[in-house]
Each structure stands twice: as structure tokens, then as C-alpha cells.
Amino acid sequence: MSLVSFVETPKNASHTMRQAILESLDLIGFSFRKETKNIVIKPNMCYYWDNSTGQTTDPKFVGTLIEIIREKTSSEANISIVESDASAMKCNYTFKFLGYEKIAKQYGIKLVNLSEVEAEPVKVMVRNQNFNFMVPQIIKNADLRINIPKIKYMELTKISCALKNIFGCNPYPKKFKYHSRLSETIVALNNILKFDLCIVDGIIVSGIQPRKLGLVMAGQDPVAIDAAASQIAGINPNSVRHIMLAASEGIGSPYYIPKGMNPHHFERKYPKKRLKHKLMTRGYKLIQFLGLENQLEY
Amino acid sequence: MKKVNLGLIGLGYIGKVHLKNCLKLEQANLVAVSDISKKALKLADKTGIKKTFTDYHSLLKEPNIDAVIISLPTHLHAACAISAAEKGKHVFLEKPLARNSEEGKKIISAVRKNNIKLMVGYPFRFASAFHDLKRKMESGMLGEVQIAHAINVSTGPFFHRGQSGIPRPVPKWWFKKELTGGGALADLGSHMINLTRWFFGEVSSIKAYLGHRFNFDFEDHAICVADFSSGTKAIIDVGWFSQILTLGIELFGTVAHASAYHSSSSRILTAVQLLLGKTPKIYMPHRLELQHFLYCIKEDLQPSSNGDDALKDLEAIKQAYENQIQLQ
């Protein structure tokens, strides 16, 4: 079984973030290799909302991790923060909007729009469904890939964390087209883009509203991370299609050994859906089923 | 009674609101729509609009169109409004009038030369909550209003798509100050300056603090301090940083204080209204402003707000940009 660490950082300050990140890595026994040359970091930048909303990774969190990486590896290692354009979001604006341009300047790292870099075609099959993706060379050639997702609710997949964040590594910008088979797409991408480490920025999470949860969670198995994230958000991982599908495809295991704090401590604080929200979600799904969702736009 | 034949130019976010409202107006026929996007025009096709154009000049050549609604990006306002005026069409133009007062004056000159009506879309003058508040103020029950606080904080152009919560694309022009004429102050500030002028008279002086939370060269929030001809002093707060809309005015008089907010109904009620084909509360002022425009055409009246009125908003915004308050 995989290890997943749970660490609490009481204040949103760089030094406590640093301690929390280091402790979360120690607990899973992860150590950086000195000879690492090319490092790719994938935060969550889903839209033009900053980290105060709980929907995007805090650039300060990424900056703190970069400081740690610089100390533990060669100071000359190439570090790139990667993201791709999406149906509603243009990466080049997001880098600026969310404060990543400042981080890049401060730490001398690159910001890479995956929709604009060299990529090679790869075919993959999940549950008898064929997918053709372009895999960015920068991810393929990296010798350390780090995923820094958020924990948040998402209507289409119930929960978004480590596995869903890799959806943003697909350079194709019109991602809306994958929404009809999103779980399969997420699993297909995780099949071909294996990340070595996942550190969840759960300092502010997005449930039914944002909440300062102060959680740093680390692991090397994205399925275990997602199972833990689901439990914290009050969702049974067995009911999350992409988690179960990823497990059946051998990407990882939903069973894990918790290290550090008890995950229930965070589960109690997570702003979970109540009956009203669940009924509203059901109502919206019914409207979708009846093909009336366009009528909800004015 | 003869109906007014309308043409709609631009089917972006607010253009779609106008499209739906036009279809509900008893005093008008929406006869043609134009937009550069064929995908957007398909939406108009579905509603039964007979004529669609990808070039607004073609729409303006239609002889049976009496008036046009222009809901294009701000940098296109002047060229389109002037062309419409030259073709003798009455113009309903989305706010702000233009990117700057120079462009605004050119529009007004074309409107006067061609003797047509120009209304600039400031819907919150038609919100019932603000009407009631103004009536209360004018009745004297608040005494003299010494201080006011007007606020319009929302997502700005960075908003989610209706009920589903899926992010909506932001058109590129919103990121270019030279195309918008400014940031949140030009966008939301124009609404609130127009609204406070309606309450308190002309702006005598105005200063602004401009904030840049999101690291762009345009401001994403602003705090203005304005002095009005009535003697009222107002703080006007605008911002693009919040996921929730707060739009309101608070009045502090020598006798009493009062406030009014324009807001959405609950999500459930809004969804029910939409499914029943009704205008949701949040867009009712947009419908009422079009009714007012049509009434002014029929009765040969000056609309609220007309070109001169909207030019004063632009000049106040210019003054606010020029008189910046530094907080650090």
C-alpha cells in the first residue's frame, strides 16, 4: 500500500509552509536526488481565480517548494512550471493573473504554456476507448515531475485533486470536448504522464465555500492521494469513477497508509456538501438529462 | 400602433441578454442580428430571427430597421454608432459611451447631425430597488444626504457560466487597456458614476485609488471619492475580484439612513424562472431600459441616459484617472 502524509500548517506563512512541505515529504520517505536536472511542476491554474478562492494552487506554496528543490538538488537544475490553455482560460494571462510571473522572476525558473511547445503523438486505450494525445516533450524528458493539485468539488467528476490536475497537461486547448468522457480522459492521461511526486496544497480548499484547512498532503501514488482527498471532502472514493478506473488500470491503489496527522481531523473541518447542495446537484443533472441546460443561460 | 423594427449588433454576453429581452418586447420586432461569429448567429437563427449578418454594415443597409442595439466591445462603439447614425437609425449603445470623451463627442456629433435618438445602456437606473431609494431621498424623509456609499463589486469579465459553474472564456479585448478604455473603473465605475449622478447631480470633483490585485496594467479595483453638485460626498467602490455580485447604494442623511441593493433571486428561483422562459430579476433592468428606449423613440423624448449624460460619466472617469490617490 502507498503512503500518504497529512501535515497541518497553522498559518499561511512561508516558514510554516516550508516546515509542512518538508515534514510531508519526510513522512513518505521521499528525498530529492542531487543529480536531478530537469524538473517539471504542474500546479492547478484552472481559471482566473487566485488561491484565496481555494480553486488554484498558491504561488507562494510553489515558490516555497522551489526553494526546497534548489537546496536539495543542483542549483543549476532547470525548473519549469507548466500549464496549458483551456476552453475558458488562456495560460499566458493566467501566469500573470495568479502571480506566477513574479515567482518565475524571483526564482529564475521558466513558465511553460504546454499548448505552445513541442509535443509528440501518443495513442492510449482506456476501457475500449481510444485516445490520441500530444505529449509535451518537456514533461516526457523531465527527470522529476511534481504535481501540486488542490482539493475541490467538481460537478463532472465529484472531486478534483491529483488525477484531475494532470488533465491540464493535455496541450489541446478546447478541453470542453472531453467532458462527455472525462473520467476516461483523466485516466488515459495519467496512464501516459506519470508524475513522481504529488504534494497537495490543501492550505485553502474549495468545498461548498473556501476554507482555510491548513493541510499539506504528500504521496507518490495519485490514486491514493485522490482517495484520501475524497474522504476528506466527505465523498466515498468507491463512488468516484475516475479513481476506481485509475485503480483498475493499475495507475495506483485507493488503499493507503496514512502518515502524520489523522485524516479525520481535516475531514471534520472540510466545508462539505449538505442535503440542499446535493439536491441542487441532482436537480441540475436532471435538467441536463432533459437537455434543458441551455435554458439556464440568459 | 406601429412596432419599432430593431437590429441587434453584437452577440457577446450582454448581446445575448438583449437578444432574449428583445424577443419579449411587445413594442418591437427584432428583424436582424449581426455578429462576426457564425456560432453566435446560430443562436439567433434558433430564435427565429430572419436575417443574420457577419458584418454590421450589411445590417445597417436594411431599410426597414428603425433602431439598432449596439453591444460590441468598447473600442468598436464609435465607428459602429456613427455608421448607424449616418444611416438614420436610432441607437441604443451599451455603456460606456466610448473609450474616451473624444470618441464620445464624435458619436454625439453624428447623432445630432442625423437627428436620431441615442440611449446609452445604464440599466441600474431602471432597477426597482434604486427607484424606490431615490423616491425616498427625494421625499425628504432622509433629510439632506451628506454621505453616500455606492458599491459594485463582482467577477467583472472573469465569471462562471450560469448554474453549471463552468468557467466562461474571457474575450481577449478585455485584457487590453487600449481597447477597453480602462479597467474596473471604466467598466463598473461608469455604472456607479452614472447612478450616483442620477441621485446627487453632477460630479464637482473626483479622485480615485486604483488597485492591481491581478498584476495587470489595468486596475481590477478602485475606490473613488466624489463630490456632487448637491453637496453629497460619495465613496464609490468597484472591483472585479469577487465571485459574488454586490451592487448597491447606502445613503446617510441628516435625519435617517437608507440603502438599496440590486441582486439576483436565489439560484433555485432563477433556474425556475429561466426554465419557464421568464426574465430573471437580475436582468429585469436590462429589459426595462429597452422598453424606455422604444418609448422615447415613439414619443420623441430624450432617453435616460442620452449621449450628453453618458459623456459626463466619461469625463468623470477621466478626472478620476487623472486624480489618483496613492495609499503607499
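Me: Two strands are taken to pair if DSSP finds at least two bridges between them. In this predicted model, which residue of E12(B) is the bridge partner of B:Ala222?

Reply: Strand E11 of chain B, residues 221–228, is paired with strand E12 of chain B, residues 233–239, in the antiparallel sense and over seven bridges. Within this pairing, the partner of B:Ala222 in E12(B) is B:Val238.

Me: Which strands of chain B stand at the edges of the sheet, each with a single partner strand?

Reply: The open sheet of chain B has six strands in the order E10-E11-E12-E7-E13-E14, with mixed pairing. An edge strand has a single partner, so one of its sides is left without a neighbour in the sheet; this applies to E10 (203–211) and E14 (257–261) of chain B.

Me: About what angle does the direction of helix H6 of chain B make with that of E14(B)?

Reply: Neighbouring strands of the sheet E10-E11-E12-E7-E13-E14 of chain B are turned against each other by 10° on average, direction ignored. Helix H6 of chain B, residues 128–139, packs on this sheet and touches E7 (145–153), E13 (246–253) and E14 of chain B. The angle between the directions of H6(B) and E14(B) is about 165°.

Me: Which helix of chain B lies across E10 and E11 of chain B?

Reply: E10(B) is an edge strand of the mixed sheet, and the strand order places E11 beside E10. The helix that lies across E10 and E11 runs at about 55° to E10(B) and spans residues 307–322; it is H11 of chain B.

Me: In the parallel sheet of chain B, which residue of E2(B) is the bridge partner of B:Leu6?

Reply: Six strands of chain B form an open sheet of parallel pairing, in the order E3-E2-E1-E4-E5-E6. Its edges are E3 (51–53) and E6 of chain B, and the twist averages 25° from one strand to the next. Strand E1 (residues 4–9) and strand E2 (residues 28–34) of chain B run parallel and are joined by six bridges. In E2(B), B:Leu6 has as its bridge partner B:Leu30.

Me: How far apart are the axes of H4(B) and H5(B)?

Reply: Two packed helices are described by the angle between their axes and the distance between the axes. For H4(B), residues 77–86, and H5(B), the angle is about 10° and the distance between the axes is 9 Å. Angles under 35 degrees count as roughly parallel, so H4(B) is roughly parallel to H5(B). The axis distance asked for is 9 Å.

Me: How many residues of the contact of H4(B) with H5(B) are charged?

Reply: From H4(B), the contact takes B:Ala78, B:Ala81, B:Ile82, B:Ala85 and B:Glu86, which meet B:Glu103, B:Lys106, B:Ile107, B:Ala110 and B:Val111 of H5(B). Seven of the contact residues are nonpolar and no polar residue is present, while the number of charged residues is three.

Me: Which element gives the most residues to the side of domain 1 of chain B that touches domain 2 of chain B?

Reply: According to the domain assignment, chain B holds domain 1 (4–122) and domain 2 (124–280 + 306–322), with C-alpha centres 24 Å apart. Their contact takes 22 residues from domain 1 and 21 residues from domain 2. On the domain 1 side, the elements that give two or more residues are helix H5 (101–113) and strand E6 (118–121) of chain B. With six residues, the element that gives the most is H5(B).

Me: Which helix supplies the largest share of the side of chain A that touches chain B?

Reply: The contact between the chains takes 20 residues from chain A and 22 residues from chain B. Helices H3 (91–97) and H11 (275–289) of chain A each supply at least two residues of the chain A side. The largest share, three residues, comes from H3(A).

Me: Which residue in the turn between E5(A) and E6(A) has a positive phi?

Reply: Strands E5 (residues 119–126) and E6 (residues 129–136) of chain A run antiparallel and are joined by eight bridges, with A:Pro136 of E6(A) as the bridge partner of A:Ala119. The two strands form a hairpin with two residues between them. The turn residue with a positive phi, of about 50°, is A:Arg127.

Key. Residues numbered from 1 in each chain as written. Chains lettered and ligands numbered in written order. Predicted model: local features only at pLDDT ≥ 70, side-chain atom pairs only at ≥ 80, totals over all residues. Contact = placed C-beta atoms within 7 Å. Helix = DSSP H or I, 4+ residues; strand = E, 2+ residues; numbered from the N terminus. Domains from an automatic or database assignment. Axes fitted to C-alpha atoms, helices over the stretch in contact; angles between N-to-C directions. Parallel < 35°, antiparallel > 145°, perpendicular 65-115°, else oblique. Nonpolar A, V, L, I, M, F, W, Y, C, P; charged D, E, K, R; others polar.
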